[in-house]
Amino acid sequence: MTSAPSDLATLATLRHVQTRSISPENFDGSAGGGGRATEGTGASCARDLGPGWKISPSVDVKAGETFDLANIEGAGKITHIWITTHTDNWRTLLLRAYWDGADEPAVEVPYGDFFCNGWGVFAQVNSQTIAANPHGGFNSYWPMPFRDGARLTIENTSTLDVRIYFQVTYEIGGDHSNDAYFHAQWRRSNPLEDRTPHVILEGIEGQGQYVGTYIAWGVNSNGWWGEGEIKFYLDDDTDYPTIAGTGTEDYFGGAWNFDIPGKGYTEFSTPYLGMPQVIRPDGLYVSQQRFGMYRWHLLDPIHFATGIPKVDIQALGWRSGWRYLPLRDDIASTALFYLDRPTARRPKTPSADDLEVHLGTAPVPDIGATPPRAPQD
């Protein structure tokens, strides 16, 4: 996939494309079609002003229904998505994207997880492709090219209606015949099976590149939790992977428990990787530590020629005697990749119960995790 034309090196280059934008003020993105609404969620507020004065800034998605955020014909590329809704909805909404008229989505991810806010609690994210700004202004700059149409939808899996504000900006007129399609898949292990890695991606066929991981990690025991390795099985790999990491905090760009002495777990957010969220127990109902971490492979995409058999990550802590302790944590991952085809093998669609973030965690067997102790002389 070629470099995004929005790179500074090419920003001044004249290109034969046109920009369009879909929002509740212009549902089809037509030229000159914005600001013409005569009815909408803002009609009462604008009753003294009339058309052109924020008549239709948002949409209401009824409980159990799916709404089309964008339906685009022909070839093009989505360059920016801005969207916001109340924090209560971040794990009850499912964001999907379909390319070239496919029946199956290439993107199927909970709304909050796609924007690196998987716990329903706001965290500032300052990265090149995802920006999450106060208080819930979510932005995606992932390039999403398509050759014959695109459809973005959002499903409300809750029992309450949801109000959503959004804008989808895209280009038309470009040649995307050699571009790969953007994919994103979500999986959750809650709790993780004993001595079993959490699967991030599995069974992908085709050529492409793996470009990102977001994990909402809930810790179900005391002690350090991030010793586990991430492994990428590429192309013909079977028993052993081509890429094996050295630890969870290492993969996400940190070290030594993400711990600044005297401060403890320390949030950070950079263009390519970060741990922007640390949710600490409150002594009452929020009883577990929870973390949000992302790693974008923008300068170091992981290329594959025939497929990705599997990507997985271990959950490891420490027990006595400097021994690793397999953990049974709550791990929800989002895998992002580009592929030479608009559909791929994907997990089953999560139910509302699969998505739910609990205020307190259901009882989990005490597996006795303890911090490592210094070896004796």
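## A walk through a two-domain model

Let's begin with a pair of neighbours: strand β13 (residues 181-189) and strand β27 pair in the antiparallel sense, joined by nine bridges. Two strands count as paired if DSSP finds at least two bridges between them. Strands themselves are DSSP runs (E, at least two residues), as helices are (H or I, at least four), and both are numbered from the N terminus. Before going further, please note that this is a predicted model, in which local features need pLDDT of at least 70 and side-chain atom pairs count only at pLDDT 80 or more, while totals for chains, interfaces and linings use all residues. Residues are numbered from 1 along each chain as its sequence is written, and side-chain values use heavy atoms, with hydrogens and water left out.

Back to β27. On the β13 side, A184 has L336 as its bridge partner. Strand β15 (residues 208-218) also runs antiparallel to β27, and ten bridges join them; here G218 is matched with D330. How many of the residues of β27 (residues 330-339) are buried? Ten of its ten are, where buried means under 20% relative accessible area, exposed means over 50%, and partly exposed is in between (1.4 Å probe, protein chains only). Look at the directions too: D330, A332, T334, L336 and Y338 point one way, I331, S333, A335, F337 and L339 point the other way, and all are buried.

Next, find the open sheet of four strands, ordered β14-β24-β16-β17 with antiparallel pairing. Its edge strands are β14 (198-205) and β17 (243-244), each pairing on one side only. Six bridges link β14 to β24 (residues 307-313), and L201 has V311 as its partner in β24.

Now zoom out. The domain assignment, which is automatic or from a database, splits the protein chain into domain 1 (17-179) and domain 2 (180-347). Their contact (heavy atoms within 4.5 Å) takes 35 residues from domain 1 and 35 residues from domain 2. The area buried between them is about 2900 Å², with carbon and sulfur atoms giving 58%; buried area is the accessible area (1.4 Å probe) that two parts lose on being put together, summed over both. C116, W119 and W142 supply 26% of the area that domain 1 buries against domain 2, more than any other three residues. C116 also has a positive phi of about 60° although it is not a glycine, and its relative accessible area of 0% makes C116 buried.

Finally, let's visit the aromatic rings. Rings of Phe, Tyr and Trp (its six-membered ring) pair if their centres lie within 6.5 Å; planes under 30 degrees apart count as stacked, over 60 as edge-to-face and the rest as tilted. A search of the whole structure finds 27 such pairs. One of them, F67 with F166, is edge-to-face, at 6.2 Å centre to centre and 65° between the planes. F67 lies in β3 (residues 66-72) and F166 in β12 (residues 162-172), so this pair ties together parts that are 99 residues apart in sequence. F166 is buried, at a relative accessible area of 3%. Ring pairs also link W90, Y111, F114, F115, F138, W142, F182, Y294, W296 and Y338 into a cluster.
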